[in-house]
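Colleague: I should like to learn how strand pairing is read from a model. Please give the general idea before turning to the case at hand.

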There are 2 protein chains.
Amino acid sequence: MTETLIELEKEFLDYVKKMQAYNEALGLIYWDLRTGAPKNGVDQRAEVIGMLSSEMFHMSTSEEMAAYIASLSGNNELSEITLKTLEECKKAYDRNKKIPAKEFQEYVVLQSKAESVWEVAREKSDFSMFLPYLEKIISYQKKFINYWGYEGNKYNTLLDMYEPGITVDILDQVFSEVRNAIIPLVQKISESPNKPKTSFLFETFPKDKQKEFSLKILEQMGYDFDSGRLDETVHPFATGLNPGDVRVTTRYDENDFRTAVFGTIHEGGHALYEQNISKDLIGTPLCSGTSMGIHESQSLFYENIVGRDYSFWKHNYSILQDYTDGQFEGIEIDDFYNAINESKPSFIRIEADMLTYPLHIIIRYEIEKAIFNDEIEVKDLPQIWNDKYEEYLGIRPNNDAEGILQDVHWSGGSFGYFPSYALGYMYAAQFKHKMVEELPNFDELLASGNLKPIQEWLTKNIHQYGKMKKPLEILHDVTGEGLNAKYLIEYLTNKYTKVYNL
Amino acid sequence: MTETLIELEKEFLDYVKKMQAYNEALGLIYWDLRTGAPKNGVDQRAEVIGMLSSEMFHMSTSEEMAAYIASLSGNNELSEITLKTLEECKKAYDRNKKIPAKEFQEYVVLQSKAESVWEVAREKSDFSMFLPYLEKIISYQKKFINYWGYEGNKYNTLLDMYEPGITVDILDQVFSEVRNAIIPLVQKISESPNKPKTSFLFETFPKDKQKEFSLKILEQMGYDFDSGRLDETVHPFATGLNPGDVRVTTRYDENDFRTAVFGTIHEGGHALYEQNISKDLIGTPLCSGTSMGIHESQSLFYENIVGRDYSFWKHNYSILQDYTDGQFEGIEIDDFYNAINESKPSFIRIEADMLTYPLHIIIRYEIEKAIFNDEIEVKDLPQIWNDKYEEYLGIRPNNDAEGILQDVHWSGGSFGYFPSYALGYMYAAQFKHKMVEELPNFDELLASGNLKPIQEWLTKNIHQYGKMKKPLEILHDVTGEGLNAKYLIEYLTNKYTKVYNL
């Protein structure tokens, strides 16, 4: 390399590092807002968010950035990390350059206000409070799609933000396979006389004991507490500020320990991904999960494929009992296992069982696709939502809080995000299928509480790469094929056929 | 105003607002680092701090800033807030611009090394380890004073950073008055046969109960929990991120409830100041306490003049008892009051009682002044320190850890800071004297737990102004005179004469 090139690469990497620093500061601000920032400071904090975001926005679209992209992109003398970083920067540049800076700043301020309004609206179960904010958010997003352009379907442009490579065509295909497999299964279950007993799940389980058990499971999963912490929030999440600081939150329901336990395992799965990204990627935009779908594959893998597995509870059931005051006395592990795998149509996505869960996602996908293809109006959403729940799940929400207002995503403008949850589930089943080929003692590992080889497999095949590989590239490198819904369908069919003795 | 002027003022205020946004983000990062950030993320977080700080430094010394200062300063058509903001910016510009960037960078690196070395040196109680670093820090500070220039005394330049308007001449005067009054009082107390019993203070008082009581007192003080929160840290502090988000922390010692209770009241006093600054100042550098000394006057006012007052405990003693498991059974309020006002010479400043405390400060002041006037050598500091403790307090430290190495300040180059603590105490007594003229029922207010009129008085006279008024300007506007040590001396003399029945 010439000295000029070495110099320029260094300059570019410093520039990118500064952007990442702002991003980390923003991540901390968001974490803080959700875990306990005093409410009277929120308006001013929104200004800070606006300022930092717009600085990042500015840097991502500056003439300097344009010059780096122009002079460095594709130069094979550069390191792979630099080249992939340039790709990410170019993608962001192309996206951001097309939105007028002022419009973006207004949008960011709107976002953070909309989230507070959504919180109150949900509490009061009043969609009309949230409606004007949601309409504004959607109209910004529609404008943005026009700025960005699209291929095939306007909604593809949104999907591409969360799951590059995934399109409406692919989703229409896999989602229809999944829907066609699940709906009859749900039907059969509802007609089956074999219903697991579940009443013992809902006895009082004190919050502090739930927390202790949750911490124990996080530890078993390999979550590093020197690189993270567990807090309490209404809406649980995981956030990777850097690989040495990856925080999870959970929610406690003293009459249903499953909320905290499976919630923690889920967020812990996300966190393990972020904790195990190669340290070489720190300070670049590659130091993060490659996509929302691959991220969700990790959380769902742990929550469901590990956390709701029979072998997992062989090891952990007696440990769980140690934290209770006799709640599970006289309850056999088989009954416990069936109970935590109960499937029953319900209103709230994040409380849904793991069979009906994909239907919640498919409903959101269909609604979002319709919104951005101008097929429905925002004010009609509660009605449309409720109709779909009735059609797919056979139940109709009684109010906005248990219907249209339940999720935070739209208040932050995250359209195109929901499909990732179902994609993640499909990826997870597909990874699992490969993993047991390479770790044929998978069940015994779970039964002995030794999750280390599992985590190592995930780090080796997925986690370490961060954004160095695209989602479908990882899927292909690991499994040798493209997205295939059959693994999830097989997994769900086998599992629920046994649980319900169908 | 011409349109160009209006435009330019707006541009300048936006520029300043951005700096304040970075400052708020930094404030949150520091709060987070101290309240529970995972240790493996700290190195990367330091990069974020470096990045944001250097951006702020850059903005404070940029050509843009120079141009704003040159074209707007002193223009009477501008609002008072803009003019005062310009003054603050000019002061920072002049300070920052005069140090060669390379030298400042070296100094920052040295600072952070010196602090880690100090930590180890204190642990090993070995001043010789810290000596070369302290010498370097001092020699940089001396160079900086030469760059900055000085009036009258070199040390004035350092004082001006923390307490604008206060000079060596003023301090020599008031500190000698205070010293001459306190030393004989301390003497008399040590010879008095009337020693308060204190053993009942040190019974086990569970942390969660201490916390509940501390929250109760914060509430009584008028601390707004919608604009703040209470957390736990090794070193308690208060931090104002904006007036709607002012956080306090405290430390719990289960064998000495005074640590948490008086610590919380102290930090609560700082917090009330920041919570009650006029919202008009948000987004400017004026939105903060005007000086370290005035800040400390508010914390010491609450901690000592309110929190260690007899009337205050008339209301709160029985409430405190409700949180204990019989700890104070059979202890009369008079005995309790005398116990919490015990005075006894001790080595560690932050554990000192409120009578001997100013002597700890005066010792540091005399040493710092001598250092910057080249009257003593750094290597002789332990000896000088110990001699002064013996002379003023009648006790001689047994080692460096309980002597010269106890405070972190010098390792960070914070010379000129210590006097603020004693100035704050003098301001507090002087404000109190005025306050009782206007609120003659001061004692009854305390005795009825109604601190609201007191807080309103402080907001009206001090808090609302932020940095709109300089410390001595506030003092003069409120009391009609300059700094006068007699109020503190009267206060201490009256109080301890009664407690010790002298």
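Modeller: Two strands are said to pair if DSSP finds at least two bridges between them. In this predicted model, strand β1 (residues 230–232) of chain A and β3(A) pair in the parallel sense over three bridges. Within that pairing, A:D231 stands opposite A:T249 of β3(A).

Colleague: In which sense do strand β2 of chain A and β3(A) pair, and over how many bridges?

Modeller: The pairing of β2(A) (residues 238–242) with β3(A) is antiparallel and has four bridges. Here A:T239 is found opposite A:R247 of β3(A). The connection from β2(A) to β3(A) is a hairpin through two residues.

Colleague: What is the order of the strands in the sheet?

Modeller: The three strands of chain A form an open sheet in the order β1-β3-β2, with mixed pairing. The edge strands are β1 and β2 of chain A, each of which pairs on one side only. From one strand to the next, the twist averages 25°.

Colleague: Why is β3(A) described as largely enclosed by the rest of the structure?

Modeller: A residue counts as buried under 20% relative accessible area. Six of the six residues of β3(A), residues 245–250, are buried, so the strand is largely enclosed by the rest of the structure. A:D245, A:R247 and A:T249 point one way from β3(A), while A:V246, A:V248 and A:T250 point the other way.

Colleague: Which helix lies across the three strands?

Modeller: Helix α1 (residues 3–35) of chain A lies across β1, β2 and β3 of chain A, and runs at about 145° to β2(A).

Key:
Residues numbered from 1 in each chain as written. Chains lettered and ligands numbered in written order. Predicted model: local features only at pLDDT ≥ 70, side-chain atom pairs only at ≥ 80, totals over all residues. Heavy atoms only, no water. Buried < 20%, exposed > 50% of the residue type's maximum accessible area, 1.4 Å probe, protein only. Axes fitted to C-alpha atoms, helices over the stretch in contact; angles between N-to-C directions. Contact = heavy atoms within 4.5 Å.
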